[in-house]
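Open the structure in your viewer and keep the sequence panel beside it. The tour below moves from one selection to the next, and each stop says what to look for.

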Amino acid sequence: MKAREVTPKIQMLGAVDWNRTLFDALIPLPQGTSYNAYLVSGNQKVALIDTADPSLQDQLLEQLASVPRVDYVIAQHAEQDHSGALPQVMAKYPKAQLICSQKASGMLQDLLDLPANRIQVAADGETLSLGDLTLEFIYTPWVHWPETMSTYLKEEKTLFSCDFFGSHLATSQVYAADDPAVYPAAKRYYAEIMMPFRVPIQKNLERLAAYDIERIAPSHGPVYAAPLWIVDAYKEWVSAPPKNEVVIPYISMHHSTEMLVKRMIGALAERGVGVKVFDLTVADIGEMAMALVDAATVVVGTPIMLGGPHPLVGYAINLAALLKPKAKFAAFLVSYGWGAGAVERLPGLIEGLKVEALPPVVARGMPRQAEMEAVDALAELISTKHREMGFK
Ligand code: FEO
């Protein structure tokens, strides 16, 4: 794809990765992604903001074939999906200076073996003149690494935000416009990449509130021409209380755990509690991450297998804990054959979630009436807890 115009002074370069299905060898990308670079042309100097993933760097280099001069290459983030083509870009423009944050300087040398003498550190708040255009570098740590910065183009009121506000969405459109695919793609992106960093994101949002931003140009997904909605969405995802919702990831080998899960779904629904259920044999783990953005409670359904929870359940809990969701409560629905000792160790698995553990429901083999009634009682307890905490 050729360079595309964002404004007469800003071109979108980089690559749309229509076929990528996993990020970080972990995170599902059902709609692909893009690696956006931006060429900002002042009347005296030209800056390239970010590059592209090495797998598609040829596309960027092809676009740059018709760009005779780049004075500055801005590396907002050291992760290779944006920085990976820097060695080739810096080789193409031997007079260009690479500009990045203090922390990124060391990381770019470590990750890409870039020479220190090509790198110029920009301080937080420092500005760079391109003649009639001015770039301001704003340190925005933890979106998504500690070294990340954003860049504000004052005269065009445009924020280049790198991962921040991005979406894993392969599209030929430059602008998000009213494409209904953008909100879920941006929420998925937040859930999978950003959620663990809610506190610094909150601070970054507060800092950016001081800027007059008419356009946000992230390094994944389309540009936002009216960015208020994505900023407001981030505020809600980061700061709003959890919702009156329960996420139920589960595995069932011989339907016993499934019986408990189905009873729980019905019991919660009767009490007006929203439920999102994930059969981990087939679930898109990214969908589960999105559900965890909002849920107040996690109920894990698992059989005991080889002395512990099913391995897929262990994986899902580990991932959920890494994402640091807002959830306040968790419980287990368990069926076991003979390994009752393993049941006692289950609460230890959710310590990383930093939640209040509610009493589990445990069935030896197939659940009977007593266990089904225990599920109802657990649903009632969850509903009461949500109500008491004002979750809606
Ligand atoms: Fe899109 Fe953190 O890289």
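Begin by selecting A85, which sits in the loop between α2 (80-83) and α3 (86-92). Keep in mind throughout that this is a predicted model. Is A85 buried or exposed? Its relative accessibility is 0%, and because buried means under 20%, A85 counts as buried. If you now show what surrounds A85, leaving out residues up to four places away in sequence, you will find that it touches T51, A52, Q57 and L60. Add G14 to the selection as well: A85 and G14 are 71 residues apart in sequence, yet their C-alpha atoms are 9.9 Å apart in space.

**The nonpolar cores**

Next, select F165, Y190, I201 and Y234, which are the residues with the most contacts inside the largest nonpolar core, a set of 65 residues. Several elements, namely α5, α6, α7, α9, β17, α10 (311-323), β19 and α11 (340-349), each supply at least two residues of this core, and α5 gives the most, with eight residues. This core also draws at least three residues from each of domain 1 (4-239) and domain 2 (243-386).

Stay with F165 for a moment and show its contacts. Leaving aside neighbours within four places in sequence, F165 is in contact with L159, L205, L208, I216, P218, Y224, I230, V231 and Y234. A second, separate core of 29 residues can be coloured in another shade, and its members include A37, V46, L86 and L112.

**Helix α6**

Now select α6 (198-208), where I201, N204, L205 and L208 are buried. Looking down the axis of α6, you should see these buried residues fall within an arc of 100°, so they line one face of the helix. A general rule helps here: an α-helix has 3.6 residues a turn, so residues three or four places apart point the same way. The face of α6 turned away from the buried side carries the exposed residues V199, K203 and E206. Among the elements that cover the buried residues of α6 are β11, β13, α5 and α7 (228-239).

**Helix α12**

Move on to α12, which runs over residues 369-388. At 1.5 Å a residue, the 20 residues of this helix should span 28 Å, and the end C-alpha atoms of α12 are 29 Å apart, which agrees. Which residues of α12 are buried? They are E371, M372, V375, L378, A379, I382, S383, K385 and H386. Seen down the axis, the buried residues of α12 fall within an arc of 160°, so they too line one face of their helix. Turn to the face of α12 away from its buried side, and you will meet the exposed residues A370, R387 and E388. The cover over the buried residues of α12 includes β15 (243-250), α8 (256-270), β17 (295-305), β19 (329-336), β20 (356-357) and β21 (361-364). Just after α12, select G390, which takes a positive phi of about 75°.

**Salt bridges**

Finally, display the charged side chains, among which the model holds 17 salt bridges. Select D132 and K9, which form a salt bridge with their closest N and O atoms 2.5 Å apart. D132 lies in the loop between β10 (127-129) and β11 (134-139), while K9 lies in the loop between β1 (4-7) and β2 (10-17), so that this pair links parts of the chain 123 residues apart. D132 is partly exposed at 27% relative accessibility, and K9 is partly exposed at 28%.

Then select D212 and K157, whose side chains meet in a salt bridge at 3.0 Å, N to O. D212 is in the loop between α6 and β14 (215-218), and K157 is in the loop between β12 (149-153) and β13 (158-162), 55 residues apart. Here D212 is partly exposed with a relative accessible area of 41%, and K157 is partly exposed with 28%.

For the last stop, select R188 and E287, whose side chains meet at 3.4 Å, N to O, in a salt bridge. R188 lies in helix α5 (residues 182-194) and E287 in helix α9 (residues 285-294), so the pair ties together parts that are 99 residues apart in sequence. R188 counts as buried, at 5% relative accessibility, whereas E287 is partly exposed, at 39%. Add E192 and D284 to this selection, and you will have a network of salt bridges that links R188, E192, D284 and E287.

Definitions and conventions:
Residues numbered from 1 in each chain as written. Predicted model: local features only at pLDDT ≥ 70, side-chain atom pairs only at ≥ 80, totals over all residues. Heavy atoms only, no water. Salt bridge = Lys/Arg side-chain N within 4 Å of Asp/Glu carboxyl O. Helix = DSSP H or I, 4+ residues; strand = E, 2+ residues; numbered from the N terminus. Buried < 20%, exposed > 50% of the residue type's maximum accessible area, 1.4 Å probe, protein only. Expected span 1.5 Å × (residues − 1). Arc of directions from axis to C-beta. Contact = heavy atoms within 4.5 Å. Core = buried A, V, L, I, M, F, W, Y, C linked by side-chain atoms within 4.5 Å. Domains from an automatic or database assignment.
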